[in-house]
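This report covers one strand and its neighbours, the cysteines, and one helix.

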Amino acid sequence: MKSSNYNTCYSLPKLTTCVVGGGNSAHVLIPFLSTAGHTVNLLTRRPNDWNKVVTCDVTSMENQVIKKFTGTCDKISSDPNDVIPDADAIILCMPVHQYRNALDRLAPFIDKSKEEVFLGTVYGQAGFNWMVHEIEKVYDLDNIVCFSVGLIPWICRTIKYGFHVAYYGGKKVNVCAVTPAHKFDKLNALLLNDLSLNPMGIGEFSQACSFLSLTLSVDNQVIHPSRCYGLFKTSGGKWSSLENVPFFYRDFDDTSGEILTHIDNDCSAIRDAVRNHFPDRPFTYMLSYFDLERLTHGSKHVDIKASFRNSKQLGLVKTPTVLGENGSRFLDVNCRFFTDDIPYGLLLCKWIAEQLNVSTPHINEVISWAQSLRGEHWLNDDKSIDMEYCLEQRTRTGLPPSYGIDSIDEILD
């Protein structure tokens, strides 16, 4: 559902917003929010690597700069006490597996006297609401408005860390989940519109009925493991030189496409079971890979391989590798494709499937392969989740029981 006109009922004060982390998205947020008149602060482990002024180049597919946005960071610090207490809004921009540690660091410094503090992320994988509810309980926070954007609103690439980013295009439609749900219109008017619609004229936000819609629809957990497994099946995940490493998307092959289709089919079976279990929820934005692409990009693709190989925006993305002997390269099993998209992605899907008695043979196969490479034990030999291992360390996985949620009926806000 789209927002109602909050603007007609309220004035629109500018916020003090703290961007947390230094991902590509942080480099876009700072210029966009600053241009809109917000005060922007930055919490980063690398404060000395950031410039006070960050530039965003709106760039064509021919690599021509069409427009520039510049934004100023009012404060840049590695100390949460310097930047969190003033924050009206806090936005995380980092790998998903780092969310919980970041929330633990910043939560003690959130100003409890504020009427509300918007706390969110620009990428909605892994039940961000569960993570926020966890710190609400620990730190006795009762003024948090938690939000999560389904997919990062833009395709962007950092040109120089802390200084300069290229923006290659934005989603035609963005989706956001919010709790309390009735706060969406206010959040949209105060903040979300300034992420894409106001600066670029596209990317209006719609409200998801549940964070679970995002958790079961985000595409990285389907795309990245499928492609990595496909590369492993065709080449063993090793190449004689950097020049021989296929591009991650531009060289997308049939093997990877077949794996992706199988994984998405498993996820669709889980999504169908969730709809049957919660018949009162519409789950409008809980979508398959292609349906999500058509919504957010206006795509008409029907062929997975072609959708990646023909994408100019994704064409420069390299396969993550590490250096071996004599210049050889090996698939990097410590990159976020493994640390985010398995324990905070497919494994979470697997847990929901187990709760609803859904068979997931292809998800099982990919998780088993990934755990063998990383020395993990997410699954038992019978392909059931090894709950003892997964919960042995609090942030090892994003499974609901790691937040004290033990029943499928407790996962919805």
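Which strand does S1 join through 5 bridges, and do the two run parallel or antiparallel? The model is predicted, and in it S1 is joined by 5 bridges to strand S2 (residues 39-43), with the two running parallel. One pair across this junction is Val20 and its bridge partner in S2, Leu43. Between S1 and S2 the chain passes through helix H1 (residues 24-35), and the resulting β-α-β crossover is right-handed.

S1 also pairs with strand S5 (residues 89-92), through 4 bridges and again in parallel. Here Cys18 stands opposite Ile90 of S5.

Strand S1 spans residues 16-20, and 5 of its 5 residues are buried, so the strand is largely enclosed by the rest of the structure. The burial applies to both faces: Thr16, Cys18 and Val20 lie on one side, Thr17 and Val19 on the other.

**Cysteines**

How many disulfides does a search of the whole structure find? The search returns 0. A disulfide is a covalent bond between the sulfur atoms of two cysteines. The sulfur of Cys18 has its closest cysteine sulfur in Cys73, 9.5 Å away, which is too far for a bond; the cut-off applied is 2.5 Å. Cys93 is likewise in no disulfide, its nearest cysteine sulfur being that of Cys156 at 9.3 Å. The table lists the relative accessibility of Cys18 and Cys93.

| Residue | Relative accessibility | Class |
|---|---|---|
| Cys18 | 0% | buried |
| Cys93 | 2% | buried |

Both values count as buried because the limit for that class is under 20% relative accessible area.

**Helix H13**

Helix H13 comprises 14 residues, 342-355. At 1.5 Å a residue the helix should span 20 Å, and its end C-alpha atoms are 18 Å apart, which agrees. The helix has a kink of about 30°, centred on Leu348.

Is H13 largely enclosed or largely open? Of its 14 residues, 12 are buried, so H13 is largely enclosed by the rest of the structure. The buried set includes Leu348, the residue at the centre of the kink. Among the others are Ile342, Pro343, Tyr344 and Gly345, together with Cys349, Lys350 and Trp351. Just after the helix, Asn357 takes a positive phi of about 60°.

How values were computed
Residues numbered from 1 in each chain as written. Predicted model: local features only at pLDDT ≥ 70, side-chain atom pairs only at ≥ 80, totals over all residues. Heavy atoms only, no water. Expected span 1.5 Å × (residues − 1). Bend = angle between axes of the 7 residues up to and from the residue. Buried < 20%, exposed > 50% of the residue type's maximum accessible area, 1.4 Å probe, protein only. Pairing = 2+ DSSP bridges. Right-handed = clockwise from strand over helix to strand, strands pointing away.
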